[in-house]
Amino acid sequence: MLIDWFTVIAQVVNFLILVWLLKRFLYRPILDAVDAREKRIAAELADAAAKKAEAQKERDQFQHKNEEFDQQRAALLSQAMEEAKAERSRLLDEARKAADAFSSRRQETLRNDAHNLNQAIRRRTQQEVFAIARKALTDLASTSLEQRLEEVFTRRLREMDGKAKQGLAAALKTASAPALVRSAFDLPAEQRAAIQNALNETFSAEIQVRFETAPDLVSGIELSTNGQKLAWSIADYLASLEQGVDELLKEKHKSEAKAEPRPEAGTERKPEAGAGPEPEGPKPETTSR
Amino acid sequence: MRLSPDQMIFWQHGFLKLNGTIVFTWGLMFVLVAGSILVTRKLSPGLRRSRWQNLLEIVVTAINEQIKEVGLRQPEKYLGFLGTLFLFVAMASVFTIVPGYEPPTGSLSTTAALAICVFVAVPLFGIEDRGLGGYLRAYLKPTFIMLPFNIISELSRTLALAVRLFGNMMSGTMILAILLTITPFVFPIAMSALGLLTGMVQAYIFSILATVYIAAATRARKPEPGPED
């Protein structure tokens, strides 16, 4: 008999015990471990997916921010460039204006310098010319010339026109001091007498006359009384010539308001041709040498 | 000549006896349970695990997959029974490489016991799944005329299970013993290797047939295609 029934029963029991033991010690723990691992992996995968999604989101955000930043930067840059351009043009304008002003000022200065130099040269020339003329005339002047001058003076005195004559006459009459006759050289007695005569005849009165020598007249004779003056002298001519030249220069540079210092302080009017006796203001003769 | 380890009797007291089949079975049980305890004592649910744990995981999940492929929807429920069938038969043949060992499955008593377990388990699982009426009605299908044939089929397939495994295992052991007397060198090794192969194939056949029977009993009403393959 191949089948032993006791053994069969024993094996069935053995097998059932083995099933229970293996269930207890093999299948359940292993399956639990596998399940736990699968759950864990699934959780990790889900976590990774979530993290990935989050990272994607953050990346998008970052990209968005980056783009915004780029735009802002570009805007700021262009704005700054425009400002810089405006500033540059402004500075250039300023510099150009400053340069213009500087150059015009420089030109002005140059012009002034040139003008001043011109004026100095003119003044100098003028002074030299008058000094030469004055020197020459002084050298030429002599007693004989004084005689001629006396003749000219007396003739002028006699030919004096009415208005001047009246003024002078009134001055002579009201004068308390004797009338003063000044000459460059000491006048001889006959000339003094001639002048006295001429005065007496002209004004039909006895005129008190005092003679005086004044070398600064260069050459000439001057009658002054009580503020009125009748004169004929080369100094007068020279003074009036100087005045005329000064006026000419002034006219030439009319644009300049600068008052030029005059070489001569002569302020008297230009004597008329022939140096006729003319009534003068109360200002004194200031012909200086 | 000894045909089965049943005849290797160590102790006997009347009806009770302790023969080679029972002793070798206990040895197998001890090895299986002790190995399982040793490995599963420190299981790690993490990604790093020991090689033995890996091996057992592969075996268990492979059996689980096999049950699922046959068509049982909750393989974990049947894993204890079917997995133990496979492991027991496979280990019984694997241990033939140990000298002096005789596989307990080479005893018709053991294979009959296993076949009886399947014979009982199939209706139990069927009734659990479909209820008593549902299970019994399956015997009347397609018509009531088939009832006797269905019953005969139940019995004969159980007998076939037992005898097939017994024949294969016993023949392997017998061939080895005969060859050892004829050509003591080299050739028995080749036959031993062949015996290992046939032992593994028989283990697979035995457990897969049991799975098929259970599957037939539980899902006879309609093979629902589960969400998983």
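What follows is a chat between a colleague and a modeller about a predicted model of chains A and B.

Colleague: How do you know which parts of chain A to trust?
Modeller: By the pLDDT. Chain A has a mean of 80, and 86% of its residues reach 70 or more. Among its elements, helix H1 (residues 5-140) has the highest mean, 92, and strand E4 (residues 228-233) the lowest, 73. Over residues 258-289 of chain A the pLDDT is below 50, though beyond near neighbours in sequence that stretch still has 68 contacts in the model. Where pLDDT is low, the predicted coordinates shouldn't be read in detail.

Colleague: What makes up the contact between chain A and chain B?
Modeller: It takes 30 residues from chain A and 47 from chain B. The buried area is about 3,500 Å², and carbon and sulfur atoms give 78% of that. On the chain A side, Phe6(A), Phe15(A) and Arg37(A) lose the most area, together 20% of what that side buries.

Colleague: Why is the pair Arg37(A) and Glu57(B) called a salt bridge?
Modeller: The cut-off is 4 Å from a side-chain nitrogen of Lys or Arg to a carboxyl oxygen of Asp or Glu. For Arg37(A) and Glu57(B) the N to O distance is 2.9 Å, so the pair qualifies. The count between the two chains is two salt bridges, and the interface also has 11 residue pairs in polar contact. By class, the chain A side has 23 nonpolar, three polar and four charged residues.

Colleague: What makes Phe6(A) and Phe15(B) an edge-to-face pair?
Modeller: Ring centres must lie within 6.5 Å, and planes over 60 degrees apart count as edge-to-face. Here we have 5.5 Å centre to centre and 80° between the planes, so both conditions are met. The pair crosses between chains, from helix H1 of chain A to the loop between strand E1 (9-13) and strand E2 (16-19) of chain B. A search of the whole structure finds seven aromatic pairs.

Colleague: How do you know that Glu87(A) and Arg90(A) form a salt bridge?
Modeller: Their closest N and O atoms are 2.8 Å apart, against that cut-off of 4 Å. These two are three residues apart in helix H1 of chain A, so about one helical turn separates them. Over all chains, the structure holds 14 salt bridges.

Note on methods: Residues numbered from 1 in each chain as written. Chains lettered and ligands numbered in written order. Heavy atoms only, no water. pLDDT = per-residue confidence, 0-100. Helix = DSSP H or I, 4+ residues; strand = E, 2+ residues; numbered from the N terminus. Contact = heavy atoms within 4.5 Å. Buried area = accessible area lost by both parts, 1.4 Å probe. Polar contact = N/O pair within 3.5 Å; in protein donor to acceptor, adjacent residues only side chain to side chain. Nonpolar A, V, L, I, M, F, W, Y, C, P; charged D, E, K, R; others polar. Phe/Tyr/Trp six-rings, centres within 6.5 Å; stacked < 30°, edge-to-face > 60°.
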